[in-house]
Amino acid sequence: VEIEGEVYFDVKKLNGKPFVVLAKNQRITVLGTRFNVMAYSDEETIETSLLEGKVVVNIADKAYALTPGQRTTFHKNGGNLQISSGGVEEAVAWQAGYFKFNAEHVESVMRKIARWYDVEIAYDGNMEGKLFKGTMSRYDEVEEVLGLLALTGTVSFKIEGRRIIVME
C-alpha cells in the first residue's frame with residue numbers, strides 16, 4: 001500500500017506474506033500489528049506509531065524495528081530519524097474521533113484543524129512558543145473547537161467565511 005496522509009492499520013499476521021506500506025521515503029514492513037502512519041505533504045515529518053505487534057521502518061537502506069509504544073519521527077528536510085517511546089495515544093486519537101494535543105505548536109494544531117474542517121489558516125502576530133495541550137472531539141463545530149483553544153489565552157481567532165485568522 002502506498003499512502004499520503006494519515007492511515008491507521010490493523011493487520012493480521014499471515015506467515016510468509018508481510019504487509020508493506022510505502023510512505024514517501026519510508027518502507028514499513030508489517031508483521032501483524034496495529035499502527036498509525038502520518039505522512040502529509042504539508043508536514044515536516046513522517047511519523048510511524050506502533051500500538052501492538054511489530055513493524056520495521058526502512059529509510060535510506062537502514063532498518064529500524066519498533067516495539068509497542070514506540071514511534072519514529074523522520075524529518076524530511078534534514079533526513080534524520082528519531083525513535084521515541086510514548087505519544088502513540090496522540091497519534092491514533094483521530095481514529096477514535098478526537099484531537100489530542102500534548103505541548104503541540106499552534107501551527108501543527110491549526111494544520112490538523114484545517115485538514116479536518118477544510119478551512120484556510122492565516123496568522124497575525126508571532127506564534128513562536130505557543131503550545132496547546134488537551135483533548136477535544138473532532139465532531140464539534142469548528143467554532144466550538146476554536147472557542148476551547150481560545151479559553152487557554154494563548155491565541156484568539158477571527159473567522160471570515162472559510163478562513164480562520166489566528167491572532168497573538
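This is a short talk on a helix pair, a three-stranded sheet, a hairpin and one buried residue.

Okay, let's start. Keep in mind that this is a predicted model.

First, the helices. H2 covers residues 106-117, and H3 covers residues 142-150. Their axes are 11 Å apart, and the packing angle is about 170°. Angles over 145 degrees count as roughly antiparallel. So H2 and H3 are roughly antiparallel to each other. The crossing is right-handed.

Which residues in H2 and H3 meet? From H2, we have Val109, Met110, Ile113 and Tyr117. From H3, Val142, Val145, Leu146 and Leu149. Sort the residues of that contact by type. Eight are nonpolar, none is polar and none is charged.

Now the sheet. It is open and has three strands, in the order E9-E12-E11. The pairing is mixed. E9, at 120-124, and E11, at 156-160, are the edge strands, and each pairs on one side only. From one strand to the next, the twist averages 25°.

Look at E11 against E12, residues 163-167. These two pair in the antiparallel sense, over five bridges. For a landmark, take Ile159: its bridge partner in E12 is Ile164.

How do the helices sit on this? H2 packs on the sheet and touches E9, E11 and E12. The direction of H2 makes about 155° with that of E9. H3 lies across E11 and E12, and runs at about 160° to E11.

Next, the hairpin. Strand E6 is residues 70-75, strand E7 is residues 81-85, and the two pair in the antiparallel sense. There are five bridges here. Arg71 has Ser84 in E7 as its bridge partner. Five residues sit between the strands of this hairpin. What is the sign of phi at Gly79? Positive, near 80°.

Last stop, Ile59. You'll find Ile59 in strand E4, residues 45-59. Is Ile59 buried or exposed? The relative accessible area is 7%. The cut-off for buried is under 20%. Therefore Ile59 counts as buried.

What is Ile59 in contact with, leaving aside its neighbours within four places in sequence? Asn25, Gln26, Tyr64, Phe74 and Leu81. Two of those names tie back to the hairpin: Phe74 falls within E6, and Leu81 within E7. Now compare sequence and space for Ile59 and Lys24. They are 35 residues apart in sequence, and 9.7 Å apart in space, C-alpha to C-alpha.

That's the tour. Thanks.

Conventions
Residues are numbered from 1 along each chain as its sequence is written. This is a predicted model: local features need pLDDT of at least 70, side-chain atom pairs count only at pLDDT 80 or more; totals for chains, interfaces and linings use all residues. Side-chain values use heavy atoms; hydrogens and water are left out. Axes are lines fitted to C-alpha atoms, for helices over the stretch in contact, and angles run from 0 to 180 degrees between N-to-C directions. Helices (H or I, at least four residues) and strands (E, at least two) are DSSP runs, numbered from the N terminus. Angles under 35 degrees count as roughly parallel, over 145 as roughly antiparallel, 65 to 115 as roughly perpendicular and the rest as oblique. A crossing is left-handed if the near helix is turned anticlockwise from the far one by less than a right angle, and right-handed if clockwise. Contact means heavy atoms within 4.5 Å. Ala, Val, Leu, Ile, Met, Phe, Trp, Tyr, Cys and Pro count as nonpolar, Asp, Glu, Lys and Arg as charged, and the others, Gly among them, as polar. Two strands pair if DSSP finds at least two bridges between them. Buried means under 20% relative accessible area, exposed over 50%, partly exposed in between (1.4 Å probe, protein chains only).
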